[in-house]
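User: Please take a close look at the salt bridges in this structure. Which side chains pair up, and where do they lie?

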Amino acid sequence: MKSIKFFLACVLVLAFTACSNAESDGFEDNSSSFESMRSLYGIETASLETQSENIPSVTAEEMRGVLEALRKNSDISYDCKVEDVEGYYGTGNDKKTVMMTAEYKARTRSGALLENFALCVSLKFNIDKNSVYYVGTSYDCVTDLFAWKGYGASISATPEGGTVFTSTSYIYFRVSDEGDCLVKVPVSFKGSYDFDAAQGTYNFILSKAVN
């Protein structure tokens, strides 16, 4: 009888130790995984004094799904779409908006579908007597996985008469299983548009992980 009781006690001790180790290993794996994401994607600790309550709360795995979708599509170029708006001062002066939108599917590492999300940059121009004047840029995203903030864009003309634009923006996450910490990830877009030829291309790139 004593042998049986001793055997059962040993089994219980081993089981408890195994569970404790598994929990410890799981915690270390999660922490290590988050740190590896920080290094790979250039994730920074963020501080938003205003509207921080509007940053969606997601798990680290959900954040990974978003960032992997962006990374895997970094080498894809899209065609610009241009929207014509009635001129401010009658004929001879027109307003054009160069629309740059990219749609993605965010998935977890296990392959479970989370949801679609989209990024859109709109650059506004005035066309007056064949001259192009930059008016401003707006940033929009369609998702409840993160918030996206961008400010202006770098605009330059090419010798061929086209227009090149670039900008670095940030997507913000509140990571629920990492102490609800607020982080941001730099995302750049690059594009060009030829108003005479009425065509152009663009793409979105994770600034640190482009491959």
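Analyst: What follows goes through the salt bridges pair by pair. The model is a predicted one, and it holds four salt bridges. Three of these are described here, including two pairs within helices.

Start with helix α1, which covers residues 2-41. Here the side chains of R38 and E35 form a salt bridge, with N and O 3.8 Å apart. The two residues are three positions apart in this helix, about one turn. E35 has a relative accessibility of 44%, so this residue counts as partly exposed.

Helix α2, residues 60-72, has a pair with a similar arrangement: E61 and R64 are also three residues apart, about one turn of the helix. Their closest N and O atoms are 3.4 Å apart. R64 is at 5% relative accessibility and therefore buried, because buried means under 20%. E61, at 28%, is partly exposed.

The next pair involves strands. The side chains of K184 and E44 meet in a salt bridge, at 4.0 Å from N to O. K184 belongs to strand β11 (residues 181-194) and E44 to strand β1 (residues 44-45), so this salt bridge ties together parts that lie 140 residues apart in sequence. K184 has a relative accessible area of 18% and is buried, whereas E44, with 32%, is partly exposed.

Notes
Residues numbered from 1 in each chain as written. Predicted model: local features only at pLDDT ≥ 70, side-chain atom pairs only at ≥ 80, totals over all residues. Heavy atoms only, no water. Helix = DSSP H or I, 4+ residues; strand = E, 2+ residues; numbered from the N terminus. Buried < 20%, exposed > 50% of the residue type's maximum accessible area, 1.4 Å probe, protein only.
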